[in-house]
Amino acid sequence: MPLKFKIDVLAALKEKGITTYKIRQEKIMSESTVQKLRAGEGISWENLETLCRLLECQPGDLVEYVKE
């Protein structure tokens with residue numbers, strides 16, 4: 001996949017006080033999305049938008065294009 005996460009998204013969320021437990025309990029994202037974040041896999045635009053809102057950042061702060 002040419003798009004890669006620049007940061008450990010789950011660690012960044014945890015620094016903001018947003019744990020994976022809270023994500024699941026408050027239905028911020030699905031369990032499958034949390035698993036994709038753990039694995040560094042691609043997520044939907046909607047979930048990327050949610051991450052940007054939670055982390056108060058731009059998409060370019062989270063992902064980068066890496067030529068294969």
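Let me start with helix 4, because what covers its buried residues includes helix 1, helix 3 and helix 5, the last of these running over residues 59-62. I should say at once that this is a predicted model, and everything I describe is computed from it. The buried residues of helix 4 are Asn 47, Leu 48, Thr 50, Leu 51, Cys 52, Leu 54 and Leu 55, and several of those names will come back in a moment.

Which elements, then, give two or more residues to the largest nonpolar core? That core has 17 residues, and those with the most contacts inside it are Val 9, Leu 13, Leu 37, Leu 51, Leu 55 and Leu 62. The elements giving two or more residues to it are helix 1, residues 9-15, helix 3, residues 31-39, and helix 4, residues 45-55. Helix 4 supplies the largest share of this core, namely five residues.

If you would like one residue to follow through the core on the screen, I suggest Leu 13, which, with its neighbours within four places in sequence set aside, is in contact with Ile 18, Ile 23, Leu 51, Leu 54 and Leu 55. Three of the names in that list, Leu 51, Leu 54 and Leu 55, are also among the buried residues of helix 4.

Let me step back to the chain as a whole. There are five helices and two strands, and, read along the sequence, they follow the pattern β-α-α-α-α-α-β. The radius of gyration is 11 Å, close to the 11 Å that the globule rule gives for 68 residues, so the chain is as compact as a globular protein of that length. Along its principal axes the C-alpha trace spans about 35 × 20 × 20 Å. Of the 68 residues, 31% count as buried, and the accessible surface comes to about 4800 Å², with 50% of it belonging to carbon and sulfur atoms. As for charge, the chain has 11 positive and 11 negative side chains, and the centres of these two sets lie 3 Å apart.

How much of the contact network joins residues that are at least 24 apart in sequence? Among contacts between residues at least 6 apart, the figure is 60%. An example of two residues distant along the chain is given by Phe 5, which lies in strand 1, residues 3-5: its C-alpha atom is separated by 9.4 Å from that of Gly 60, although the two are 55 residues apart along the chain. Not counting residues up to four places away in sequence, Phe 5 touches Leu 37, Gly 40, Glu 41, Ile 43, Leu 62 and Val 63, and of these Leu 37 and Leu 62 are also among the core residues with the most contacts.

Finally, a word on backbone geometry. Most residues other than glycine have a negative phi. Lys 27, however, has a positive phi of about 55° although it is not a glycine, and this residue is found in the loop between helix 2, residues 20-25, and helix 3. Is Lys 27 buried or exposed? Lys 27 is exposed, with a relative accessible area of 72%. Glu 56 likewise has a positive phi of about 55° without being a glycine; Glu 56 follows helix 4 and lies in the loop between helix 4 and helix 5. Glu 56 is exposed too, with a relative accessible area of 66%, and that brings us back to the end of helix 4, where Glu 56 follows.

Notes:
Residues are numbered from 1 along each chain as its sequence is written. This is a predicted model: local features need pLDDT of at least 70, side-chain atom pairs count only at pLDDT 80 or more; totals for chains, interfaces and linings use all residues. Side-chain values use heavy atoms; hydrogens and water are left out. A nonpolar core is a set of buried Ala, Val, Leu, Ile, Met, Phe, Trp, Tyr and Cys residues joined through side-chain atoms within 4.5 Å. Buried means under 20% relative accessible area, exposed over 50%, partly exposed in between (1.4 Å probe, protein chains only). Helices (H or I, at least four residues) and strands (E, at least two) are DSSP runs, numbered from the N terminus. Contact means heavy atoms within 4.5 Å. The radius of gyration is taken over C-alpha atoms; the globule rule is 2.2 Å times the number of residues to the power 0.38. Accessible areas come from the Shrake-Rupley method with a 1.4 Å probe; for residues, only the protein chains shown count as cover. Lys and Arg count as positive and Asp and Glu as negative; His and the chain ends are not counted. The place of a charge is taken as NZ of Lys, CZ of Arg, CG of Asp or CD of Glu.
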